[in-house]
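Grab a pencil and work through these exercises one at a time. Try each task yourself before you read the solution below it.

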Amino acid sequence: MTDRKVFFDSLTKSIDEVLKSKKNRDDKLKTVCRLLKENVPHYNWVGFYLVDKKKQNELVLGPFEGEPTEHVRIAFGKGICGQAAKLEKTFLIQDVSKETNYLSCSANVKSEIVVPIFKNRRIAGELDIDSHALSPFTKEDKTFLKKIAEMTSELF
Ligand code: SME
């Protein structure tokens, strides 16, 4: 097992405790963002987007940790988040400067991973992480974040 896997396994346990706690939904999601951002050096902005229940084809920013972003609503298909929502697929972008359909939040951001969150087999939201490092994400990050997305799906 790699060190990163061991570390992610222990972080998964802490996140599981938060999700089992009596906090309200937004507090739980915000705490998950904080735990991810504080414990993983290459996670510099961590946030949840929620599918707008009325419009269904738009994402709304939910709890997050990091610099405020102007992208509080994102149409399906727009940027990495919108593409991930439309195609219902994880997007792992190791170098955002190579992307043509990308919404920039800050010039410091070099890479991004967006993992869809499904509820009753339909997309309900996503977990979005920006990094200030180039190519920082490994397959362990992807597996770990898919697991966290799955664990939070009951809150959507
Ligand atoms: N970069 C994203 C926009 C959201 S921010 O990362 C917080 C995108 O291209 O969809």
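**Exercise 1.** Find out which helix holds Asp141, and which residues far from Asp141 in sequence are in contact with Asp141.

*Solution.* Step one: Asp141 sits in helix α4, residues 139-152. Helices here are DSSP runs of H or I with at least four residues, strands are runs of E with at least two, and both are numbered from the N terminus. This is a predicted model, in which local features need pLDDT of at least 70 and side-chain atom pairs count only at pLDDT 80 or more, while totals for chains, interfaces and linings use all residues. Residues are numbered from 1 along each chain as its sequence is written, and side-chain values use heavy atoms, with hydrogens and water left out.

Step two: is Asp141 buried or exposed? Asp141 counts as buried because its relative accessibility is 0%. (Buried means under 20% relative accessible area, exposed over 50%, and partly exposed in between, with a 1.4 Å probe and protein chains only.)

Step three: skip the neighbours within four places in sequence, and Asp141 is in contact with Arg4, Phe8, His42, Tyr43 and Pro136. Contact means heavy atoms within 4.5 Å.

Step four: with Arg4 there is also a side-chain to side-chain polar contact, at 2.4 Å. A polar contact is a pair of N or O atoms within 3.5 Å; within protein, one must be able to donate a hydrogen and the other to accept it, and residues adjacent in sequence count only if both atoms are side-chain atoms.

**Exercise 2.** Describe the chain as a whole: its pattern of helices and strands, and how compact it is.

*Solution.* Start by counting: the chain has 4 helices and 6 strands. Along the sequence they come in the order α-α-β-β-β-α-β-β-β-α. The radius of gyration is 14 Å, close to the 15 Å that the globule rule gives for 156 residues, so the chain is as compact as a globular protein of that length. (That radius is taken over C-alpha atoms, and the rule is 2.2 Å times the number of residues to the power 0.38.)

Next, look at burial and contacts. Of the 156 residues, 49% count as buried. Among contacts with a separation of 6 or more, 52% come from residues 24 or more positions apart.

**Exercise 3.** Work out how helix α3 is covered and what its buried residues pack against.

*Solution.* Helix α3 spans residues 79-87, and 7 of its 9 residues are buried. Those are Gly79, Ile80, Cys81, Gly82, Gln83, Ala84 and Ala85. They pack against β1 (45-51), β2 (58-65), β3 (73-75), β4 (91-93), β5 (111-119) and β6 (122-131). Just after the helix, Glu88 takes a positive phi of about 55°.

**Exercise 4.** List what surrounds the ligand, then pick out some polar atoms close to it, including one from Glu112.

*Solution.* First, the residues around the ligand are Trp45, Tyr49, Gly79, Ile80, Cys81, Tyr102, Leu103, Cys105, Glu112, Asp128 and Asp130. (To be listed, a residue needs a heavy atom within 4 Å of the molecule.)

Now the polar atoms. A backbone N or O atom of Ile80 is 2.9 Å from a ligand oxygen, and a polar backbone atom of Cys81 is 2.8 Å from an oxygen atom of the ligand. Glu112 brings a polar side-chain atom to 2.8 Å from a ligand nitrogen. Taken alone, the ligand exposes 310 Å², and the protein buries 100% of that. (These areas come from the Shrake-Rupley method with a 1.4 Å probe; for residues, only the protein chains shown count as cover.)

**Exercise 5.** Say how many disulfides there are, and check the surroundings of Cys33.

*Solution.* A search of the whole structure turns up 0 disulfides, a disulfide being a pair of cysteine sulfur atoms within 2.5 Å. For Cys33, the nearest cysteine sulfur belongs to Cys81 and is 13 Å away. Cys33 is buried, at 0% relative accessibility, whereas Cys105 is partly exposed at 34%.

**Exercise 6.** Where do Gln56 and Asn120 sit, and what is the sign of phi for Gln56 and for Asn120?

*Solution.* Keep one rule in mind: most residues other than glycine have a negative phi. Gln56 lies in the loop between β1 and β2, and its phi is positive, near 65°. Gln56 is partly exposed, at 38% relative accessibility. Asn120 belongs to the loop between β5 and β6 and also has a positive phi, near 50°. At 71% relative accessibility, Asn120 counts as exposed.
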